[in-house]
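Work through the exercises below with the structure open. Try each task before reading its solution.

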Amino acid sequence: MHKLLEDSPGKEMLLLGNEAIARGAIEAGIGLASCYPGTPSSEIPDTFFTLYQEAGFYFEYSTNEKVALEVAAGAAVSGVRSIVTMKHVGMNVASDALMTMAYLGVNAGMVVINADDPYLFSSQNEQDNRYYARLSGLPMIEPVNAQEMKDMTIAAFDISEQLKLPVILRTTTRLNHLRGAVKFGPKREIKAKGFFKKDPFHYVAIPAVSRKLHKLLLEKYNQAWELSEDSEYNQIIGNGPWGIVTNGVSMNYVQDAVKDLGIGEKVTILRLGFSHPMPERMIEKFLSSVENVLVVEELEPVMENEIRSIAQSEGIGIPIKGKGDGLFPRLYEYDPGMVRKTIASYFGVSDATPVMVDMSEVPELPGRPPNLCAGCPHRAMYYAIKQVYGPEAIYPSDIGCYTLGVLPPLSMADIVICMGGSVGSSCGFTAATDQKVVAFIGDSTFFHAGIPALVNAVHNNHDFTLVILDNGTTAMTGHQPHPGVDTTPMGVDTKTLSIESLVRGLGVEHVEVVNPLQVKKAIAAARAAKEFEGISVIISKELCPLFARAIKKAKKARPFYVNQDKCKKHMDCINLLACPAMYIENGRTMIDESLCIGCTVCAQICPENAITPLKK
Amino acid sequence: METKRIVFVGVGGQGNILASRLVGEACVAAGIPAVVSEIHGMAQRGGIVETDVVVGDATSPIVSSGEADGLIGFEPSETLRALNKCNENTVVITNVQPLPPFTVAIGQGSYPDIDEALDLIRARVRSLISLDGNELAEKAGNPLSLNMVMLGALVGSKVIPLDEGALKETIAKSTKQAFLESNLKAFDFGVSASRVG
């Protein structure tokens, strides 16, 4: 039995925050889970994927977050508990469905897991999705540790059913990717099938219905507010004159700082775990009991502004500070030391934080950015395209491993906006410039958001080349399947869609499928695409080597070596490919045989044919 | 309980995520509060992997600059890069086998002299334990057991309140039988190396 399916209340286990959420969903008896993977949320669906068949609920990797949310919505209005997971930018995609689901409401618990990414560990922006709760009017809850990630997932289902509204559970990267002790609770029985009772004048969001539903949402908002006032996750801790308000992972930093500074008697902490709607009466009580307030929240001053507004309406004039004024930044994530120092300086206490060692004599260290792997087919396709289109063409790129192509010497990404943005922006580039345009998009990203943009390109006669980098998996987020992947080896029965048929079906007249590891053929495909007037698509098809190894489909190939007698030090291999298996030793190009997977691309471009397979 | 803050740094593939998780699991098994922080995503793409382990009463999952009680570096230049996590009381344990990043190969930086790096670290912290972790892993019969060597060195250094037996039990629970003997051997080599270092 999967360790997270054990029916063993009281058992304690060290769990990843994301595993704790998955366990919470299991304890809550979910009947359906859907997602689009994205760091830092991916391990939640990946955990579901490993156990859903054994557990007996429905699970799918959906095509994108909007679809995923709609899938969960269909279940929830039919009386089946559902959970949908996504990263913060995924919420932008899902938001169209989210906004109106707030009107329609649910008949069984529906929980939307939203993972924000302060400091942008693996994201294109740092947006604060607490605003989505405000925008949609939906309740939001925010756990502070692994135990609460499990417990509050269950609580979210209960709140959702009390209010008949979807509930957003918000995490941040540090919570998703911490490991902490989690005590298991009892498992509720799974109900995987429900029944949809028709009620068109409630569920069909035409203006006449939605006018009524908007009013209903505001009524539910008031009920949510009452739940927030009584929630065990909103707490006033201590009774000192110095007020601190906090949420999420920052709660830990605040608690540790208060302990380290020895000011437990002096402070009152207001922890907001049911953070939208805010518990206004509780906040008013808190404000009346303290002399000044420091708000400790990452990213935007959401709580700070709302608390200030409550203070104003209650005629409370104490100082309420958070962002700016030499206090906390709106940028990036917080850390325990920063919070301790800021609390110490705001309340005027001395701080015994240890002093960092003197770093002034540490030499400048070589960068170690993440890089396309040795043998990565993306590198080979980038090489071929650059040989044909040169450095002058515009290379819009997209979200995935291949975004790493931005690094020199490849330098094959000129603009990245969002999922699918490469294709849409290319339409603009071709309309507004006379420059050549080659867009890159991954296979999973193409299914996610590239298709409507390609329809647009075809329909509006745009003239550019789209390279679909089809490595047979969603590589960046951890090798999840997508609609183009045959999942039978994983024991899952899904239909596999052909990207080529799809592209041809959309009306693209010039389509070529090429293995990028065959350099000459890849270059020929690039030439043909360049000559074609109108939209052309190259499908660059080769399995991600990491994935191939994981599913035991890696081709057996000998690693290569550089024959130093033949090498004339053109260094094309190093300078044009920058494969991490290559290095320079005493001016000579070498290949690390433990990293080389024998993709042969360097051997194909070596002008002296100096790179050959290692003899056994 | 006194709080101990440990930072593990390494390069994708060296196994420091597993090492930090095992410390966390051993703590939970021993009834010691612990929280571990990992950053995923880039681990398989040759980037830097940092994991933090906070043992004791603190609940923050991460370690700020200057606040590590122990820094465990799986690669010497990464140990040096993470020196900002240290203060004068930090114990630093580092592997000395270099793994130069590809930026060095394409001339975008030069790799530091290891002896100079070690001297620089030694002069600034309470103690430095340096060992050839890869060689010890080879000697243990499994080149991939570098993380067990480093884990052994951490336990041997006594920076965290966990004894050898507790960690070995946790290792035994989460290691495939085929690798168990070599992993435990590597762990023991790490323990011994931390004592002479």
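**Exercise 1. Place A578(A) and judge its backbone and burial.**

Solution. Start with position: A578(A) sits in the loop between α20 and β20 of chain A. Helices (H or I, at least four residues) and strands (E, at least two) are DSSP runs, numbered from the N terminus. Next, the backbone: phi of A578(A) is positive, about 50°, although the residue is not a glycine. Last, burial: A578(A) is buried because 20 other C-beta atoms lie within 10 Å. The cut-offs are 20 or more other C-beta atoms within 10 Å for buried, 12 or fewer for exposed, and partly exposed in between, with C-beta atoms placed from the backbone.

The model is predicted: local features need pLDDT of at least 70, side-chain atom pairs count only at pLDDT 80 or more, and totals for chains, interfaces and linings use all residues. Residues are numbered from 1 along each chain as its sequence is written, while chains are lettered from A and ligands numbered from 1 in the order in which they are written.

**Exercise 2. Decide whether N586(A) is buried or exposed.**

Solution. Locate N586(A) in the loop between β20 and β21 (588-591) of chain A. Its phi is near 50°, a positive value in a residue other than glycine. Now count: N586(A) has 5 other C-beta atoms within 10 Å, so it is exposed.

**Exercise 3. Describe the side of chain A that touches chain B.**

Solution. Count first: 47 residues of chain A are in contact with 51 residues of chain B (contact: C-beta atoms, placed from the backbone, within 7 Å). Then list elements: those giving two or more residues to this side of chain A include β8 (178-183), α20 (572-577) and β20 (582-585). Then sort by class: this side has 28 nonpolar, eleven polar and eight charged residues. Ala, Val, Leu, Ile, Met, Phe, Trp, Tyr, Cys and Pro count as nonpolar, Asp, Glu, Lys and Arg as charged, and the others, Gly among them, as polar.

**Exercise 4. Find the strand of chain B that pairs with β8(A).**

Solution. The partner is β2 (residues 34-38) of chain B, antiparallel over three bridges. Pairing requires at least two DSSP bridges between two strands. Check one position: L178(A) stands opposite S37(B).

**Exercise 5. Locate two cis peptide bonds in chain A.**

Solution. One runs from H276(A) to P277(A), with omega near -5°. P277(A) is in the loop between β12 (274-276) and α11 (280-289). Another joins P408(A) and P409(A), with omega about 5°. P409(A) lies in the loop between α14 (377-389) and α15 (421-432).

Key
Two residues are in contact if their C-beta atoms, placed from the backbone, lie within 7 Å.
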